[in-house]
Amino acid sequence: MKLGDWRPKAECLGEDTDFFYIDDRSPRQPAMAVCAKCEVRGQCLIESIERNERWGIWGGMLTAERSRLRGAVSHLPRDDAREILFEVAKSTPLHKWRQE
């Protein structure tokens, strides 16, 4: 699976990145609402895991969630890991964060 140039399609493009880099006391609802509408959430998640992003919300997931996923797929060949991560991103319910 190739990631391609997904960033121009990202729902967060042009958003204030500060609310994607939150601490444990900050509300995550604004960032998660953006991720819930994003068509390239899977590609974002894959890239963040491959780059070992340690901070912020990427692909609709917090750092601890991405860390667990990274550990779960670290033993797999890259393409297999990407396929699994893409499916996880697609199937992760973010509808509770969605703002229409």
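This note reviews the cores, one helix and the main pocket of a predicted model.

1. Basis. Local features need pLDDT of at least 70 and side-chain atom pairs count only at pLDDT 80 or more, whereas totals for chains, interfaces and linings use all residues of this predicted model. Residues are numbered from 1 along each chain as its sequence is written, and side-chain values use heavy atoms, with hydrogens and water left out.

2. Main core. The largest nonpolar core (buried Ala, Val, Leu, Ile, Met, Phe, Trp, Tyr and Cys residues joined through side-chain atoms within 4.5 Å; buried means under 20% relative accessible area with a 1.4 Å probe, protein chains only) has 17 residues. Those touching the most other members are Trp-6, Val-40, Leu-45, Ile-46, Ile-49, Leu-69 and Leu-85. The helices α2, α3 (63-73) and α4 (78-91) each supply at least two residues of this core; helices are DSSP runs (H or I, at least four residues) numbered from the N terminus.

3. Second core. A separate core of six residues includes Phe-20, Ala-31, Val-34 and Ile-57.

4. Helix α3. Its buried residues are Arg-66, Leu-69 and Val-73. They fall within an arc of 60 degrees seen down the axis of α3, so they line one face of the helix; the arc is that of the directions from the helix axis to the C-beta atoms. These residues pack against α2 and α4, contact meaning heavy atoms within 4.5 Å.

5. Pocket lining. α1 (29-36) and α2 (41-50) each supply at least two residues of the lining of the largest pocket (on a 1 Å grid over the protein atoms alone, an open set of points where a 1.4 Å probe fits, with protein on both sides within 12 Å along at least five of seven lines; lining residues have an atom within 4 Å of a point).

Notes
Buried < 20%, exposed > 50% of the residue type's maximum accessible area, 1.4 Å probe, protein only.
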